[in-house]
Amino acid sequence: MNRKNTIPIIDSCSLDLNNKTTIHIDDLSEYVIKHANMVFPHKHNFFHFVLFTKGSGDHIIDFNHYKIKPFQIYFMAPGQVHTWNFVGDEGGYVVNFSVDYFQSFLLRTDYLERFSFLQGKIEHLIFELEGPCRAQATNILDEILLAKSSGLSEDYIRTLLLQFLLYVSICSEKEQKDGSNPYNHKIFNSFQQLVEQQFKSTKLPSVYADQLFITPNHLNAICKSYIGQSAGEIIRNRIVLEAKRLLINRNLNITEIANELQFKDNSYFTKFFKKSTDLTPEEFRKQL
């Protein structure tokens, strides 16, 4: 874990710095006990997902609270902030795998982009597996657990994990919904990727529209058709999310955070943050 960063970052899939690995799978109840000291806001630099088979309490991803339900599954992309508040009756599976886990295995290095739930977008992070999907999903994870503990081929484990992701994609039906208009889907995904790369320096929707070779009105229409928000709202929400992440670190003052987010001054940043959250940055920090 690197505590020099703004927010603590867990930088090993196994969460054991003496055991560098590209995939880690564990029984959820055992995982929580082993990592009870990790109940504080932190990031990962790897993909992370949990499938609950039982449990109560809640988990927090990027400051959004979610109540645990049986056969709820949540996915986290690298860089998202989370913590949890479990009651102690949880059961299920936890899987961590590195960003480049499939890189040498698949010809298409961008293959994981087809899975909307691995892109870190809050509207796709969490869903509940319906009855017919539950047994097969848990069977695949049981196979991965057995293969990992038995020291079977890493490529075999990769095929099992890919099978799980494809199966969940089918069960969630998100891919079918997003695939209704392939052109708009590609534009929307490209816009989200550009925002992720440029939100600190580029805050105007028109600049993104120019990069995508479409008009601002067309970009707004596409964004609203997918998540009901304008392009400007998506950009502002990303800036506010990063501000919240930075406010976790009490060693940073408000001026430093404003500078990091490339606001012209502290006052403008404070007004921007309050307009979006109804709280000043200081008030938000006090609530953490």
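Helix α3, spanning residues 154-172, lies across strands β2, β4, β7, β9 and β10, and its course makes an angle of about 115 degrees with β7. The model is a predicted one, and the strands that α3 crosses belong to an open, antiparallel sheet of five strands arranged in the order β2-β9-β4-β7-β10. A separate description follows for an open sheet of three strands, ordered β6-β5-β8 and likewise paired in the antiparallel sense.

**The five-stranded sheet**

- Strands β2 (23-27) and β10 (126-128) are the edge strands, and because each has a single partner strand, one side of each is left without a neighbour in the sheet.
- On average, and with direction ignored, neighbouring strands of this sheet are turned by 10 degrees against each other.
- Within the sheet, strand β4 (residues 47-54) runs antiparallel to strand β7 (residues 72-76), and four bridges join the two.
- His48 stands opposite Met76, a residue of β7.
- Helix α2 (residues 131-149) also packs on the sheet, where it touches β2, β4, β9 (91-97) and β10, and its direction makes about 115 degrees with that of β2.

**The three-stranded sheet**

- The edges of the β6-β5-β8 sheet are taken by β6 (64-67) and β8 (82-86), each of which has a single partner strand, so one side of each is left without a neighbour in the sheet.
- Neighbouring strands here are turned by 20 degrees against each other on average, direction ignored.
- Strand β5 (residues 57-61) pairs with β6 in the antiparallel sense over four bridges, and Ile61 stands opposite Asn64 in β6.

Methods:
Residues are numbered from 1 along each chain as its sequence is written. This is a predicted model: local features need pLDDT of at least 70, side-chain atom pairs count only at pLDDT 80 or more; totals for chains, interfaces and linings use all residues. Side-chain values use heavy atoms; hydrogens and water are left out. Two strands pair if DSSP finds at least two bridges between them. Axes are lines fitted to C-alpha atoms, for helices over the stretch in contact, and angles run from 0 to 180 degrees between N-to-C directions. Contact means heavy atoms within 4.5 Å.
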